Amino acid sequence: MTTNNTRLFKKSLLAVTITLASSQAMAAGFQLNAQSATGIGRAFAGDAVIADNASVMARNPAAMALFDKTELSLGFESITSMIEVKDATYTDFQGGTHDASYDDAGDTSIAPNIHLIVPINEKFAVGFNAYSNFGTKTEFSDSYVGGEYGGLTDVKSVNFGLAGSYRLNKQWSFGAGLDLIYGKGELKRSMSSEVNTPPVAPFPQGGSTVLDAEADGWAVGFNLGTVFELNENNRFGLAYHYSPKLEAEGDISYLGTEYKDDTLYMPLPDLLEFSGYHRIEDTKFAVHYSVQWIGWSSFDKLEAKDAGVLSDYEWQNGMHYAIGGTYYMNRDWTLRAGYMYDTSAQDELTSVSVPDSDRQWFSAGFTYHINEKSNVDFGFTYLMGDDVKVNENTGNPAFGLPGQPENISSISGTTRADAILMGLQYSRSF
């Protein structure tokens, strides 16, 4: 095999493994709605305007104007993903087939958060928060036959926000903020010892490491928002989040070759959200809703500074549609529930290790008011995904017709991803 063809082969398989790994953090199903336990308890319906604690600043900075006292919220969310590969077949280089089904490649991640809102006077308020917007952990065993399609993916992100709000009059409030985003990822891919490949370089041999990489980086985004209060029982919120292109730098070990200090450019999606809240007059009930647009089409490719374009995505924009209700039972207890329909970012291109699909959220939660100034929130969501047919292959550009390379390997099957989200939070006013 010529040197140029060897380089093409390495670049092709490297693109597959990196994009499979990084995509998990980016898929719609792995966008972490983990800003608050109250949000989890109502499927985030109305979260850009309800303003029942300081976590609202993560969804809409203008909502800080609704507070006349210093507000603090701190808590954590657990995200347990349940990823299943069903009726799957792996085909190796020589045409041998292997059962590639897998019971559970998911894992549990913990996402802490803190939000602080400080009113300066009747017109201005400032706020600071820290939370996670994107992240996941998925792991296939070392013996998984489709190791180049599975492996370990551990991606974390932290969003540090600083925002301010201004109340124009009784009806209108406006807000803006800056987001400093840190992302870190660990990716591992290796060939199963069961894989039947030719005993010659540069073909990856059974048990060999295909990819071992760690990368991290920073990016800066911003957010804008407004709130319109029709009256004390009815209000609307609109918020926009600009998400930047994250630059992740790190070392990549692939088939004995070291890629030192390369930079991967990963575009993050912009977000646009509209929310409404309506307290039914002379009752203990309120209804609330949200519609969110997620600009996943910006993630059309993964590109590296030195390696160039690694892979195309052709993702589509996503939507969240959420509706919920709140029951203010008494001075001690508030109950809530919600439903969300969440559309997939993927269109025709699917993957075993990125089991994205349309999803449904079924949520419930409560607030226990310790006293007039402090309370504890709990939220629970069961996230149910759809079955998705998957067909993937890794081509060897050194063999086959132009544009139709022979496969080093391929995998086909059905994926499904469900998840359980739980949140616990303490809030206090000063």
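Which residue in β9 is the bridge partner of E229? In this predicted model, the position is taken by R235. The two strands concerned, β8 and β9 (residues 234–242), run antiparallel and are joined by 9 bridges. A hairpin through 2 residues connects β8 to β9. Strand β8 (residues 209–231) also pairs with β7 (residues 172–190), again in the antiparallel sense, and 19 bridges are found between β7 and β8. Within this pairing, L211 of β8 stands opposite R189. In a regular strand, side chains point alternately to one face of the sheet and the other.

Aromatic contacts were examined next. The count of aromatic pairs comes to 19. One of them is formed by F44 and W361, whose rings are edge-to-face, with a centre-to-centre distance of 6.3 Å and an angle of 85° between the planes. This pair links distant parts of the chain, since F44 belongs to the loop between α2 (37–41) and β1 (71–91) while W361 lies in strand β18 (residues 359–369), a separation of 317 residues. F44 has a relative accessible area of 1% and is therefore buried, the cut-off being under 20%. W361, at 2% relative accessibility, likewise counts as buried. The pair of W172 and F174 is stacked, with 6.0 Å between centres and 10° between planes. Here W172 is partly exposed at 35% relative accessibility, and F174 is partly exposed at 37%. In addition, W333, F366, Y368 and F378 form one aromatic cluster.

Charged side chains give 10 salt bridges. Among them is the contact of D47 with R42, at 2.6 Å from N to O; both D47 and R42 are buried. These two residues also belong to a network of salt bridges in which R42, D47, D52, R336 and D377 are linked.

A further salt bridge joins D387 to K86, with the closest N and O atoms 3.1 Å apart. Because D387 lies in the loop between β19 (374–385) and β20 (388–401) and K86 in strand β1, the contact ties together parts that are 301 residues apart in sequence. D387 is partly exposed, with a relative accessible area of 44%, and K86 is partly exposed at 21%. D387 also forms a salt bridge with R416, for which the closest N and O atoms are 3.3 Å apart. The pair of R416 and D387 links distant parts of the chain, from strand β21 (residues 404–429) to the loop between β19 and β20, with the two positions 29 residues apart in sequence numbering.

Conventions: Residues numbered from 1 in each chain as written. Predicted model: local features only at pLDDT ≥ 70, side-chain atom pairs only at ≥ 80, totals over all residues. Heavy atoms only, no water. Pairing = 2+ DSSP bridges. Helix = DSSP H or I, 4+ residues; strand = E, 2+ residues; numbered from the N terminus. Phe/Tyr/Trp six-rings, centres within 6.5 Å; stacked < 30°, edge-to-face > 60°. Buried < 20%, exposed > 50% of the residue type's maximum accessible area, 1.4 Å probe, protein only. Salt bridge = Lys/Arg side-chain N within 4 Å of Asp/Glu carboxyl O.
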